[in-house]
Amino acid sequence: MTRTEGEIATNTDPAGPWSLVVPLKPLARAKSRLGRAAGEDARPRLALAFAQDTVAAALACSGVRDVVVVTDDAVAAAALSALGARIVPDVPGAGLNAALAHGARSVRALRPAAAVAALNADLPALRTDELARVLDFASAFPSAFLRDAAGIGTTFLTAASGTEFRPAFGGPSGARHLASGAVEIVLSGVDSVRRDVDTGEDLRVALALGVGSYTARIAAAPAPSHDR
């Protein structure tokens, strides 16, 4: 199933309060666990497609003011900039959390009172209405987070205006964010915001939810013979 509304790339009335920070590692190294299921040729293209569908849906969300992508990948930077994202080089070059903190600083350098949220780049089934519900819930708290579909990691973390942004992504990050004082977002019907994709099985579940057009085009290509 393909989600067509994700093709709307830019929010034409960017009145929302949230600036989203989306981290993306170089495509040559992204999504290594997808290589066997999707093929090594398709793997970097899928990683980019996931990010394109994520950014497109985020920019179409009424609660989102802008999206900042932290990446050093020139191909990804060009593609995501074309959708309307602002690109920030990964100057720290020190991993995911350093990249997120750098992106948040770049937002608040321009708007010191900005409400900031980190969003995974691998949410190809992301729906704007579900993201809006998550943002609305989070707006009532200084910091809030959403666990991934496995219930272990995190796909979304916020810091309201005036709140320090303290990302602790990677591994069992849900427990770390909870221990940091962030409020866990417990909502039903927001599966698309929780469904990150790292493995072939994750991709199959995302496809069943309904992915955006970028991912759908690549996923429709024939699978490698050893994975059939």
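This is a short walk through one predicted model, from its nonpolar cores to its charged pairs.

Let me begin with the interior, and with a general remark: in soluble globular proteins, nonpolar side chains tend to be buried together. In this model the largest nonpolar core has 39 residues, and the members that touch the most others are Leu 20, Val 67, Leu 80, Leu 119, Leu 131 and Phe 156. If you follow the core through the secondary structure, you will find at least two of its residues in each of the strands β1 (18-23), β2 (64-70), β4 (115-119) and β5 (144-147), and likewise in each of the helices α2 (42-59), α3 (74-83) and α5 (128-138). Which of these elements gives the most to the core? That is α2, with 8 residues.

Leu 131 is a useful residue on which to centre the view, and, setting aside residues up to four places away in sequence, Leu 131 touches Leu 20, Ala 58, Cys 61, Val 64, Leu 119, Leu 126, Phe 156 and Val 193. Apart from the core I have just described lies another one, of 17 residues, whose members include Ala 99, Val 107, Ala 159 and Phe 169.

That brings me to helix α4, residues 96-110, where a simple check on geometry is possible. With 15 residues at 1.5 Å a residue, the helix should span 21 Å, and because its end C-alpha atoms are 22 Å apart, the model agrees with that expectation. The buried residues of α4 are Ala 99, Leu 100, Ala 101, His 102, Gly 103, Ala 104, Ser 106, Val 107 and Arg 108, and what covers them includes the strands β1, β2, β3 (86-88), β4 and β6 (154-159).

Staying with strand β3 for a moment, I would like to point out Ile 87, which is found in this strand. With a relative accessibility of 26%, Ile 87 counts as partly exposed. Its C-alpha atom is separated by 5.0 Å from that of Val 69, although the two residues are 18 residues apart along the chain. Leaving aside neighbours within four places in sequence, Ile 87 is in contact with Val 69, Thr 71, Ala 77, Leu 80 and Ser 81.

Next, a charged residue in helix α2, namely Arg 43. Is Arg 43 buried or exposed? Its relative accessible area is 8%, so Arg 43 is buried. As for what its side chain meets there, the model places a polar atom of that side chain 3.5 Å from the backbone oxygen of Leu 27, and the side chain also reaches the backbone oxygen of Ala 28, at 3.1 Å. The contacts of Arg 43, again without residues up to four places away in sequence, are with Leu 27, Ala 28, Arg 29, Ala 30, Lys 31, Ser 32, Leu 34 and Gly 35.

Lys 31, in that list, leads to the salt bridges, of which a search of the whole structure finds 5. The side chain of Lys 31 meets that of Asp 122 in a salt bridge, at 2.5 Å from N to O. Asp 122 lies in the loop between β4 and α5, while Lys 31 lies in the loop between β1 and α1 (35-38), so this pair ties together parts that are 91 residues apart in sequence. Asp 122 is buried, at a relative accessible area of 7%, and Lys 31, at 17%, counts as buried too.

Lys 31 also forms a salt bridge with Asp 198, at 2.6 Å from N to O. Here the partner sits in the loop between α7 (191-194) and α8 (200-209), so the pair ties together parts that are 167 residues apart in sequence. Asp 198, at 23% relative accessibility, counts as partly exposed. Taken together, Lys 31, Asp 122 and Asp 198 are linked in a network of salt bridges.

A further salt bridge joins the side chains of Arg 195 and Asp 202, at 3.1 Å from N to O, and both Arg 195, at 15%, and Asp 202, at 16%, are buried.

I will finish with the aromatic rings, where a search of the whole structure finds 1 pair. Phe 137 and Phe 141 form this pair, which is tilted, with 5.6 Å from centre to centre and 35° between the planes. Phe 137 is partly exposed, at 24% relative accessible area, and Phe 141, at 27%, counts as partly exposed as well.

Conventions:
Residues are numbered from 1 along each chain as its sequence is written. This is a predicted model: local features need pLDDT of at least 70, side-chain atom pairs count only at pLDDT 80 or more; totals for chains, interfaces and linings use all residues. Side-chain values use heavy atoms; hydrogens and water are left out. A nonpolar core is a set of buried Ala, Val, Leu, Ile, Met, Phe, Trp, Tyr and Cys residues joined through side-chain atoms within 4.5 Å. Buried means under 20% relative accessible area, exposed over 50%, partly exposed in between (1.4 Å probe, protein chains only). Helices (H or I, at least four residues) and strands (E, at least two) are DSSP runs, numbered from the N terminus. Contact means heavy atoms within 4.5 Å. The expected span of a helix is 1.5 Å times one less than its number of residues. A polar contact is a pair of N or O atoms within 3.5 Å; within protein, one must be able to donate a hydrogen and the other to accept it, and residues adjacent in sequence count only if both atoms are side-chain atoms. Rings of Phe, Tyr and Trp (its six-membered ring) pair if their centres lie within 6.5 Å; planes under 30 degrees apart count as stacked, over 60 as edge-to-face and the rest as tilted. A salt bridge is a side-chain nitrogen of Lys or Arg within 4 Å of a carboxyl oxygen of Asp or Glu.
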